[in-house]
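Me: I would like a close look at a single part of this protein. Please take one sheet and the helices around it, and explain how they fit together.

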Amino acid sequence: MSRVVVTGRIPEAALAALRAEHEVDDWQEPDSIPRAELLRRVAGADAVVSLLTEKIDAELLDAAGSQLRVVANVAVGYDNIDVAACAQRSVTATNTPGVLTDATADIALSLILMSTRRLGEGERTIRSGRPWKWGMFFLLGSSLQGKTLGIVGMGGIGQATARRAKAFGMEIVYQSRSELDPAVAAELGARRVELDELLSVSDVVSLHCPYGPATHHLIGAEQLESMKPSAHLVNTARGPVVDEAALASALRAGTIAGAGLDVFEHEPEVHPGLLELENVTLVPHLGSATVETRTAMAVLAADNALAVLSGQEPPSPIR
């Protein structure tokens with residue numbers, strides 16, 4: 001039997017699959033595993049099933065030892081993994097794409113609605129006990145029908161968000177490294193544009209690009225200045241894609257109308273400037289947070305680990 005280290009709590013269905021074939025050492029505490037404890041536990045492991053809260057770098061790989069064969073990340077994003085360091089040590093790295101597409105797209109659309117319709121402000125008004133009454137101009141938001149959604153990163157989640165937005169009567173433009181399949185582009189009525197044009201014409205900009213050096217602070221002060229004053233920004237990708245300090249300044253100055261964020265630059269910390277503002281909706285990284293999706297993610301990660309340990313190609317290797 002091989003030894004599998006699981007770096008955090010995952011659904012029982014995934015643990016059961018791993019335990020059926022291998023020895024499993026899993027961290028069961030609600031808080032993230034301390035780094036020193038993680039380095040101790042991975043020593044001698046054949047597989048590591050990791051959460052995005054754990055950094056899988058050269059230090060950890062060396063602490064595990066040369067017998068380590070696979071790192072299976074329970075996430076679609078893998079900026080917590082040094083993929084090059086894994087490759088140098090002949091360690092297969094995998095992720096969990098596809099299974100969280102709909103759940104994350106649901107959150108993106110939720111944030112679009114919360115920001116454009118000022119739902120967070122309304123909810124806080126009720127809970128605060130502040131006096132209020134219906135009025136013709138009370139908490140006026142903006143409609144989605146006939147407006148333009150700009151999607152940055154037109155992979156599976158971007159496409160799923162576009163389908164939801166189209167049902168609300170929105171027009172779709174997108175920026176991506178490659179053209180959409182013509183059939184998908186026709187279905188969505190989506191037009192590919194450069195980022196500068198997307199920012200200038202969109203009423204809502206939704207970020208779905210992967211995070212890396214090329215997308216660090218992709219949206220900063222200059223990009224926010226090029227958006228409409230009535231526009232809204234939504235981020236369900238990765239926090240560092242947006243310069244949070246620049247966003248806070250833009251929201252405070254009225255450079256853009258609002259924003260909705262599910263991810264943050266220094267999670268779990270949030271830029272204090274954002275916390276002071278009413279025109280930003282903040283939710284704690286809930287993109288994949290459904291019972292069904294988190295279970296499917298963990299099971300896929302377990303399947304990836306089991307495949308490599310049995311000498312087979314994993315379902316979703318990181319290329």
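Reply: What follows describes one sheet of the model and its helices, then the rest of the chain in brief.

The model is predicted. The part chosen here is an open sheet of five strands, in the order β2-β1-β3-β4-β5, with parallel pairing. In general, the strands of a sheet pair through backbone hydrogen bonds, in either a parallel or an antiparallel way. At the edges of this sheet stand β2 and β5 (92–94); each has a single partner strand, so one side of each is left without a neighbour in the sheet. From one strand to the next, the twist averages 15°.

One pairing can be followed residue by residue. Strand β4 covers residues 70–73, and four bridges join β3 to this strand, the two running parallel. For V49, the bridge partner in β4 is A72.

Next come helices that pack on this sheet. Helix α1 (residues 12–19) touches β1, β2 and β3, and its direction makes about 145° with that of β2. Helix α13 (residues 291–309) also packs on the sheet; its contacts are with β1, β3, β4 and β5, and its direction makes about 165° with that of β4.

Helix α2 (residues 35–42) deserves a slower look. Its buried residues are L38, L39, R41 and V42. They cover an arc of only 165° around the axis, which puts them on the same side of α2. The general background is that an α-helix has 3.6 residues a turn, so residues three or four places apart point the same way. On the other side of α2, the exposed residues are A36 and R40. The two arginines of these lists therefore fall into separate groups: R41 is among the buried residues, on one side, while R40 is exposed on the other.

What do the buried residues of α2 pack against? Their partners are three strands, β1 (3–6), β2 (23–26) and β3 (47–50), together with helix α3 (58–64). Each of these three strands also belongs to the five-strand sheet. After α2 comes G44, with a positive phi near 85°.

The chain has another open sheet, made of seven strands. Their order is β8-β7-β6-β9-β10-β11-β12, and the pairing is parallel. Here the edge strands are β8 (190–192) and β12 (280–282), each pairing on one side only. The twist averages 15° from one strand to the next. Strand β11 (residues 258–261) is joined to β12 by three bridges, and the two run parallel. Within that pairing, A259 has V280 of β12 as its bridge partner. Helix α11 (residues 244–253) packs on this sheet and touches β10 (232–235), β11 and β12; its direction makes about 145° with that of β11.

As for the whole protein, there are 13 helices and twelve strands. The radius of gyration is 21 Å, close to the 20 Å that the globule rule gives for 319 residues, so the protein is as compact as a globular protein of that length. Along the principal axes, the C-alpha trace spans about 70 × 50 × 35 Å. Of the 319 residues, 51% count as buried. Among contacts with a separation of 6 or more, 58% come from residues 24 or more positions apart.

Definitions and conventions
Residues numbered from 1 in each chain as written. Predicted model: local features only at pLDDT ≥ 70, side-chain atom pairs only at ≥ 80, totals over all residues. Heavy atoms only, no water. Pairing = 2+ DSSP bridges. Axes fitted to C-alpha atoms, helices over the stretch in contact; angles between N-to-C directions. Contact = heavy atoms within 4.5 Å. Rg over C-alpha atoms; globule rule 2.2 N^0.38 Å. Buried < 20%, exposed > 50% of the residue type's maximum accessible area, 1.4 Å probe, protein only. Arc of directions from axis to C-beta.
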